[in-house]
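Here are my notes on the model you sent. They are set out as numbered points, with a question at the head.

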Amino acid sequence: MPICPYCGATVERQAGEVVLTCPFCGTAFTLQGVEVGEHLMGRVNYDIQRLFQTFKAWALRMPETPNDFTEKATFNDYNLIFYPFWIYVVRVKVSYPGGSEEITHNVALPASTSITNSPIEKARLSLAGKVYYSHKYVLSNNGKILNPDIDPSTADQKALTLAVSLAQQSLAYRFGGRARLKIDGTEIVERKLVHQPIFHVNYTYNGKNYKFIADASDSRILYAEVPVELRFRVAAMLGGITSLILGLAMLLFANNHPVFALTSLLGFLVVGGVSFSKALTSTVVTRKFFAK
């Protein structure tokens, strides 16, 4: 079994993990026993009950949400997972006709493939408010830690590539895309492993189960399933029928203006299609940010 290079403790490894976390001293290290740099974590600033109240207030801002959502939506259970991210400070040296400069960018990358193409990838990460990792803190919040399966060397290359792209974009915006840019060098100034606490919450409304995902540090909603009020669906259905009738009426009574009639019909059909779609939808799935 792997040995922590800092305190000498034995550390268990799950399949696929390429970076391990010592549960005793919090050191993060590769399978070769090399420390990966500072190991930080976000704090749980919202307990589950407070977060659930925040979520319900957020959901009521959507017109589809039932008016009794606050009273009838009931909490079921949750999982708190500390997801790993690589956070970099990268310096890019750029030259162009008439000058040169160094541009520094902060880059955050998922450290686990389970984050890629998921709502968790949208979490806004920075080093603000982060503290040194404590496994006791994770356990005290009934949390679980997810170790990286993306190794530091792979992440390093992605961070450099992304920083170069960001530097090119910023200079192209400044010069209007006219400057001939040359990348003279790149340097990773800092690399830190950050575990960010994310809540996965299950709740019930009128006997049906829903879920949402939120950042435990700042209450941002990363993914949410919200029920649609029946009255909203009925109104959407009536709106769709009305649009269809108006479109047919324009086609029948605007014989002298065929182009106008067809254009109006297409417009009403689009509006009607959107309305019918909303009428047939019983759950709104959204991926937006909201902080109290």
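Leaving aside its neighbours within four places in sequence, which residues is Thr21 in contact with?

1. This is a predicted model, and the points below should be read as such. As for the question, the contacts of Thr21 beyond four places in sequence are Val11, Gly26, Thr27, His39, Tyr133, Ile145, Asn147 and His195.

2. Thr21 belongs to strand S1, which covers residues 19–21. Its relative accessibility is 7%, and Thr21 therefore counts as buried, the cut-off being under 20%. With Asn147, one of its contacts, Thr21 also makes a side-chain to side-chain polar contact of 2.9 Å.

3. Thr21 and Asn147 both appear in the lining of the largest pocket. The other lining residues are Thr10, Val11, Glu12, Gln14, Glu17, Pro23, His135 and Ile145. Of these lining residues, three are nonpolar, five polar and two charged. The volume of this pocket is about 230 Å³. Val11 and Ile145, which help to line the pocket, are also among the contacts of Thr21.

4. On the cysteines: how many disulfides does the structure hold? The count is zero. A disulfide is a covalent bond between the sulfur atoms of two cysteines. For Cys4, the closest cysteine sulfur is that of Cys25, at 3.5 Å, which is too far for a bond because the two sulfurs would have to be within 2.5 Å. Seen from the other side, Cys25 is in no disulfide either, and its nearest cysteine sulfur is that of Cys4.

5. Are Cys4 and Cys25 buried or exposed? Cys4 is buried, at 3% relative accessibility. Cys25 is partly exposed, its relative accessible area being 30%.

6. A second polar contact deserves a look. Ser95 sits in strand S4, residues 74–96, and its side chain makes a polar contact of 2.9 Å with the side chain of Asp184. Ser95 is buried, with 17% relative accessible area. Apart from residues up to four places away in sequence, Ser95 touches Ser100, Arg180, Leu181, Lys182 and Asp184.

7. For the protein overall, the secondary structure consists of six helices and 11 strands. The protein has 292 residues, and 43% of them are buried. Taking contacts between residues at least 6 apart in sequence, 71% link residues at least 24 apart.

Conventions
Residues numbered from 1 in each chain as written. Predicted model: local features only at pLDDT ≥ 70, side-chain atom pairs only at ≥ 80, totals over all residues. Heavy atoms only, no water. Buried < 20%, exposed > 50% of the residue type's maximum accessible area, 1.4 Å probe, protein only. Helix = DSSP H or I, 4+ residues; strand = E, 2+ residues; numbered from the N terminus. Polar contact = N/O pair within 3.5 Å; in protein donor to acceptor, adjacent residues only side chain to side chain. Contact = heavy atoms within 4.5 Å. 1 Å grid on protein atoms, 1.4 Å probe; cavity = no way out; pocket = protein on both sides within 12 Å on 5 of 7 lines; lining within 4 Å. Points joined across faces, edges and corners; volume = space filled by probe spheres on them. Nonpolar A, V, L, I, M, F, W, Y, C, P; charged D, E, K, R; others polar.
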